[in-house]
Amino acid sequence: MTFYFRSDDVPELQGLSRWEQRVLLRGTFIKERAVSTLVLLLIVIGTVQFGLNPLIESLAPGLRNNTLPYASVLLVWLFLLMWLRDVVMMNVLRPKIGAKRVELEKAKAAQVEAEAAADTERAADAPAGSER
């Protein structure tokens, strides 16, 4: 199975705008997103406490006393882990994304068909001599 880092490269997301990709990836699978957020929270707490803080203390002992640089390091670490979570979730949810995309395309086709049927019905009900 191929692993993708960018959503533009995922075959199931081809042809969608950036906004549609974002909505499909972040707004559709709420249960999976909630679970992954809880896992992300545990990973952030664990890696900061047992990985990042000891590393900072060994490399730059005074950095934790400076609020702004330390906060910057923590934010960069958080954003890196969030990006990594999004990449993993995008690849794990590929089958569900494909199924959801097919479902959305079927719904769109049914809507277009219903509109066409309604237009045909309106045209049939209109008097023969009048035009819109």
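# Exercises on a four-helix chain

At 27% relative accessibility, Asp8 counts as partly exposed. The model is predicted, and the exercises below work through the salt bridges of this residue and then through the chain.

**Exercise 1.** Determine which side chains form salt bridges with Asp8 and where the partners lie.

*Solution.*
Step 1. Apply the distance rule: a side-chain nitrogen of Lys or Arg has to be within 4 Å of a carboxyl oxygen of Asp or Glu.
Step 2. Arg6 meets Asp8 at 2.9 Å, N to O. This passes the cut-off of 4 Å.
Step 3. For Arg18 and Asp8, the closest N and O atoms are 3.0 Å apart, and the pair forms a salt bridge. Arg18 lies in helix H1 (residues 18-27) and Asp8 in the segment before H1, so this pair ties together parts that are 10 residues apart in sequence.
Step 4. Put the pairs together: Arg6, Asp8 and Arg18 are linked in a network of salt bridges.
Step 5. Add the accessibility of the two arginines. Arg6 has a relative accessible area of 48% and is partly exposed, while Arg18, at 57%, counts as exposed.

**Exercise 2.** Classify Ser7 as buried or exposed, and list its contacts beyond four places in sequence.

*Solution.*
Step 1. Locate the residue: Ser7 is in the segment before H1.
Step 2. Compare its relative accessible area with the cut-off. The value for Ser7 is 15%, and buried means under 20%. Ser7 is therefore buried.
Step 3. Leave out residues up to four places away in sequence; Ser7 then touches Leu13, Arg18, Gln21, Leu25 and Met90. Arg18, one of these contacts, is also a member of the salt-bridge network with Arg6 and Asp8.

**Exercise 3.** Describe the salt bridge between Lys96 and Glu32, and say which parts of the chain it links.

*Solution.*
Step 1. The side chains of Lys96 and Glu32 meet with an N to O distance of 2.4 Å.
Step 2. Assign the elements. Lys96 belongs to helix H4 (residues 94-125) and Glu32 to helix H2 (residues 30-59). With their positions 64 residues apart, the pair links distant parts of the chain.
Step 3. Classify the two ends. Glu32 is buried at a relative accessible area of 16%, whereas Lys96 is partly exposed at 41%.
Step 4. Place the pair in the total: the count for the model comes to 10 salt bridges.

**Exercise 4.** Decide whether the protein chain is a compact globule or more spread out.

*Solution.*
Step 1. List the elements: the protein chain has 4 helices and 0 strands, in the order α-α-α-α from the N terminus on.
Step 2. Compare the radii. The radius of gyration is 25 Å, well over the 14 Å that the globule rule gives for 132 residues, so the chain is more spread out than a compact globule.
Step 3. Set the extents beside this: the C-alpha trace spans about 90 × 35 × 25 Å along its principal axes.
Step 4. Check burial and contacts. Of the 132 residues, 20% count as buried. Among contacts with a separation of 6 or more, 64% come from residues 24 or more positions apart.
Step 5. Turn to the surface. Its accessible area is about 9,700 Å², and carbon and sulfur atoms hold 66% of that.
Step 6. Finish with the charges: the mean positions of the 16 positive and 15 negative charges are 10 Å apart.

Technical notes:
Residues are numbered from 1 along each chain as its sequence is written. This is a predicted model: local features need pLDDT of at least 70, side-chain atom pairs count only at pLDDT 80 or more; totals for chains, interfaces and linings use all residues. Side-chain values use heavy atoms; hydrogens and water are left out. Helices (H or I, at least four residues) and strands (E, at least two) are DSSP runs, numbered from the N terminus. The radius of gyration is taken over C-alpha atoms; the globule rule is 2.2 Å times the number of residues to the power 0.38. Buried means under 20% relative accessible area, exposed over 50%, partly exposed in between (1.4 Å probe, protein chains only). Contact means heavy atoms within 4.5 Å. Accessible areas come from the Shrake-Rupley method with a 1.4 Å probe; for residues, only the protein chains shown count as cover. Lys and Arg count as positive and Asp and Glu as negative; His and the chain ends are not counted. The place of a charge is taken as NZ of Lys, CZ of Arg, CG of Asp or CD of Glu.
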